[in-house]
Protein chains: 6
Amino acid sequence: QDKAPERWLPNLITETPQEGFELAVKLSRMGVKSTQPDKEVLFRERAKYAQNGEALMHASEVVAIHFQTVAAANSYWK
Amino acid sequence: QDKAPERWLPNLITETPQEGFELAVKLSRMGVKSTQPDKEVLFRERAKYAQNGEALMHASEVVAIHFQTVAAANSYWK
Amino acid sequence: QDKAPERWLPNLITETPQEGFELAVKLSRMGVKSTQPDKEVLFRERAKYAQNGEALMHASEVVAIHFQTVAAANSYWK
Amino acid sequence: QDKAPERWLPNLITETPQEGFELAVKLSRMGVKSTQPDKEVLFRERAKYAQNGEALMHASEVVAIHFQTVAAANSYWK
Amino acid sequence: QDKAPERWLPNLITETPQEGFELAVKLSRMGVKSTQPDKEVLFRERAKYAQNGEALMHASEVVAIHFQTVAAANSYWK
Amino acid sequence: QDKAPERWLPNLITETPQEGFELAVKLSRMGVKSTQPDKEVLFRERAKYAQNGEALMHASEVVAIHFQTVAAANSYWK
């Protein structure tokens, strides 16, 4: 019931830094999904940790790591 | 009631290292907000972990990761 | 009963960013396996932390670190 | 009662690696302060986690991340 | 009774990415050993955290960080 | 009673990768000491977390981050 998404990451290039940040958020979620593909569990767990400051900071950390990659791929949009 | 902020990250270039550090703080918060956009929950949780040394250090860690990106984008302000 | 896999990582080059992401997921799992080669324990533990939001975010973090490496190896697929 | 410090980070260049390390320690603390500017809370929490080995290691981790940035900014003092 | 290993890290160059990954695993273990050289304690603790999914993921994270270093040292085996 | 060590980090260059690894271990400990300079507390806490697998892995993680810096400073001893 939960097919792997096809072609969700065609490339790392984005128009703006902000779109790069949004891509980093997406990469972070796809990393979670790679371990737990079941959407029901994902939504249940996301609802829980979205209520918890420490967990939210951890989510922000993963976004930060991916943003490093996306920013480098885009030569920092310079 | 909580619209996505438009154009909050036009670019990664800052005048000084200190403004770069402030941008890293902002990126860290936007990472939290990307998982929990509800401001009420954000304020409640921030109030809690701002009282906890371990959580504060985790916040500082995320700032450090983003500061790496911003500093590289600015060629370390050299 | 659990032989070390032979030649599971011939190189870091992938056709697309998405295949690079999948390689990062694989590297993350091989890192776990390097500490615990027993498949039965691996499956038992994976089943447990796949039900836990915090643990899933940690898995996503390890994928993010490996994705940095794979992306750099592929010159960000530019 | 707690004004933001003005011009605390003029640049990332230091004379020696050791001064660079001290700057990394400072950046780590400013990251904590960016989330909790109240000095009384900062001192209370620092006193607590300075007594805890795990928390001390976390502080050391944040210093390590900032030291990467400062070292790169100084071309590793070569 | 537990002598420091002599010349365990002659260089970071490996023939293949997979050998580089194995070196990363070794570096991760030597990092643990640098804090706790007593083999008996090391084996006891490894046996414990090898049974715990969260701890296994942490081990995988440290391997990932070292693999970044080894991969860069080998110019990503290109 | 606990004077700051003078000139403990003259430079990041080492003869061999292994000495670079030992420098990374030292940097990790100095990071802990920067938060808790009291040797008695340091020894007490180190004794505790040296008995705990999770804490040991965290120590190894900080060594890994510093080893990245030292390895880059030495152009990976190539």
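This passage walks through the two largest pockets of a predicted model and then turns to one lysine in chain A.

A good place to begin is the largest pocket, whose volume comes to about 1,100 Å³. Its lining is made up of 36 residues, and those nearest the centre are Q68(A), Q68(C), Q68(D), Q68(E) and Q68(F). Helix α3, spanning residues 53-73, contributes two or more residues to this lining from each of chains A, B, C, D, E and F. In terms of residue character, the lining of the largest pocket holds 18 nonpolar, twelve polar and six charged residues.

The second largest pocket has a volume of about 650 Å³. Here 19 residues form the lining, with H58(A), H58(B), H58(D), H58(E) and H58(F) closest to the centre. Once again α3 appears, giving two or more residues to the lining of the second largest pocket from chains A, B, C, D, E and F. The biggest share of that lining belongs to α3(A), which supplies four residues. By character, the residues around the second largest pocket divide into twelve charged, six polar and one nonpolar.

Attention now moves to a single side chain. K48(A) sits in helix α2 of chain A, a stretch that covers residues 39-49. The relative accessibility of K48(A) is 52%, so this lysine counts as exposed, the cut-off for that class being over 50%. Along the sequence, K48(A) is separated from E61(A) by 13 residues, while in space their C-alpha atoms lie 18 Å apart.

Terms used:
Residues numbered from 1 in each chain as written. Chains lettered and ligands numbered in written order. Predicted model: local features only at pLDDT ≥ 70, side-chain atom pairs only at ≥ 80, totals over all residues. Heavy atoms only, no water. 1 Å grid on protein atoms, 1.4 Å probe; cavity = no way out; pocket = protein on both sides within 12 Å on 5 of 7 lines; lining within 4 Å. Points joined across faces, edges and corners; volume = space filled by probe spheres on them. Nonpolar A, V, L, I, M, F, W, Y, C, P; charged D, E, K, R; others polar. Buried < 20%, exposed > 50% of the residue type's maximum accessible area, 1.4 Å probe, protein only.
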